[in-house]
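Let's take a walk through this structure together. Have the sequence and the 3D view open as you read.

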Amino acid sequence: MSTLHIVDHPMVQHKLSMMRCKETTTKDFRQLLNEISLLMGYEVTRDLPLDPIGIETPLEKMTGYEISGKKVAIVPILRAGLGMVDGLVSLMPVAKIGHIGLYRDEETHNPVFYYCKMPPDIDQRFVILVDPMLATGGSACDAIAKLKSYGCKNIRMMCLVSAPEGVSRVQETHPDVDIYTAALDRCLNENAYILPGLGDAGDRIFGTK
Ligand code: PRP
Ligand code: URA
């Protein structure tokens, strides 16, 4: 079974509460999501392996460290996942970025696939799959299956707000994928929206409603 990591750092919780508030503007929502993504990126990458490297300071030689072997890829689920990319890129400027396009059918709530583009060496990379909302878990499960079809073996899912239903589904379908979330909310409503949640993340990021 994969591990659910709840990133309960006070800075993250403070910013998330501001995002949940219905009065928060598109500009502020986007900015806060950027900031939280950077902070969460710190936790998601906490145990990346290091290799020793010889370096020379202005005073003497020493052994420093660099991230070993596999490098990082950030993969947002379109659209809302795009809102988490810039924060992670400011932490990891050399990361490559893949994209997976999925939207939820309004009637069935099932994900509909429409786009995928990956870096050529994606199977060699440590993949951080990002989407602010983990609701039924359908989009996350399909996106992880797509990454696995490219040969990805080291995948972590980073979301902002999760529902218990979505967490269970990802853990059952992809027990090798750890989930990092800022909040585990109560449940889904009849339209498969997270309660209390923050509404439609894509619409709030892009100002489309
Ligand atoms: C939202 C969200 C996730 C998905 C979560 O995207 O960003 O991708 O729903 O729901 P699930 O866990 O039930 O699959 P949406 O389909 O609204 O598309 P958008 O990002 O383009 O707005
Ligand atoms: N997608 C969202 O943007 N919000 C939810 O609560 C559920 C799915």
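## A walk through the fold

Let's start with Lys61, which you'll find in strand β3, the stretch covering residues 61–67. Before going on, keep in mind that this is a predicted model. Is Lys61 buried or exposed? Its relative accessibility is 65%, and since anything over 50% counts as exposed, Lys61 is exposed. Once you set aside residues up to four places away in sequence, Lys61 touches Ile55 and Glu56. For a sense of distance, pick out Ala140 as well: Lys61 and Ala140 are 79 residues apart along the chain, and their C-alpha atoms are separated by 46 Å.

Now for the helices, beginning with a pair. Helix α1 takes in residues 10–20 and helix α2 residues 26–44, and their axes come within 10 Å of each other, crossing at roughly 155°. An angle over 145 degrees counts as roughly antiparallel, so that is how α1 runs relative to α2. The crossing of these two helices, α1 and α2, is left-handed. Which residues of α1 and α2 meet? On the α1 side look for Met11, Val12, Lys15, Leu16, Met18 and Met19; on the α2 side, for Phe29, Leu32, Leu33, Glu35, Ile36 and Leu39. Sorted by class, this contact of α1 with α2 has 10 nonpolar residues, 2 charged ones and no polar ones.

Stay with α2 a little longer. This helix has 19 residues, which should span 27 Å at 1.5 Å a residue, and the C-alpha atoms at its ends are 26 Å apart, so the two values agree. Its buried residues are Phe29, Leu32, Leu33, Ile36, Ser37, Met40, Gly41 and Val44. What do the buried residues of α2 pack against? The partners are α1, α3 (85–91), β8 (126–130), β10 (154–162), β11 (178–184) and α6 (201–206).

Next comes helix α4, residues 138–149. Its 12 residues reach 17 Å from the first C-alpha to the last, close to the 16 Å expected at 1.5 Å a residue. In α4 the buried residues are Gly138, Ser139, Ala140, Cys141, Ala143, Ile144 and Leu147. Ala140, on that list, is the residue we paired with Lys61 earlier. Just after α4 you come to Gly151, which takes a positive phi of about 95°.

Helix α4 has a partner too: helix α5, residues 164–173. The axes of α4 and α5 come within 9 Å and cross at roughly 25°. That makes α4 roughly parallel to α5, and their crossing is right-handed. From α4, the contact is made by Gly138, Ala140, Cys141 and Ile144; from α5, by Arg169, Val170 and Thr173. By class, the residues of the contact of α4 with α5 divide into 4 nonpolar, 2 polar and 1 charged.

Step back along the chain from α4 and you reach Thr136, in the loop between β9 (133–134) and α4. Why does Thr136 count as buried? Its relative accessible area is 17%, and buried means under 20%. Leaving out neighbours within four places in sequence, Thr136 is in contact with Arg104, His109, Glu165, Gly166, Arg169, Leu188 and Ala192. One of these, Arg169, also takes part in the contact between α4 and α5. By way of contrast, try Gly83: it sits 53 residues from Thr136 along the chain, and the two C-alpha atoms are separated by 20 Å.

Two of the residues touching Thr136, His109 and Ala192, deserve a stop of their own. His109 lies in the loop between β6 (99–104) and β7 (111–117). Although His109 is not a glycine, its phi is positive, at about 70°. His109 is buried as well, with a relative accessible area of 17%. Ala192 belongs to another stretch, the loop between β12 (187–188) and β13. Its phi is near 60°, again a positive value in a residue other than glycine. Ala192 is buried, with a relative accessible area of 6%.

We'll finish with the peptide bonds. Where are the cis peptide bonds described here? A cis bond joins Leu78 and Arg79, with omega about -5°, and Arg79 is found in the loop between β4 (72–78) and α3. The bond from Leu195 to Pro196 is cis too, with omega near -5°. Look for Pro196 in the loop between β13 (194–195) and α6.

Terms used:
Residues numbered from 1 in each chain as written. Chains lettered and ligands numbered in written order. Predicted model: local features only at pLDDT ≥ 70, side-chain atom pairs only at ≥ 80, totals over all residues. Heavy atoms only, no water. Helix = DSSP H or I, 4+ residues; strand = E, 2+ residues; numbered from the N terminus. Expected span 1.5 Å × (residues − 1). Buried < 20%, exposed > 50% of the residue type's maximum accessible area, 1.4 Å probe, protein only. Axes fitted to C-alpha atoms, helices over the stretch in contact; angles between N-to-C directions. Parallel < 35°, antiparallel > 145°, perpendicular 65-115°, else oblique. Left-handed = near helix turned anticlockwise from the far one by under 90°. Contact = heavy atoms within 4.5 Å. Nonpolar A, V, L, I, M, F, W, Y, C, P; charged D, E, K, R; others polar.
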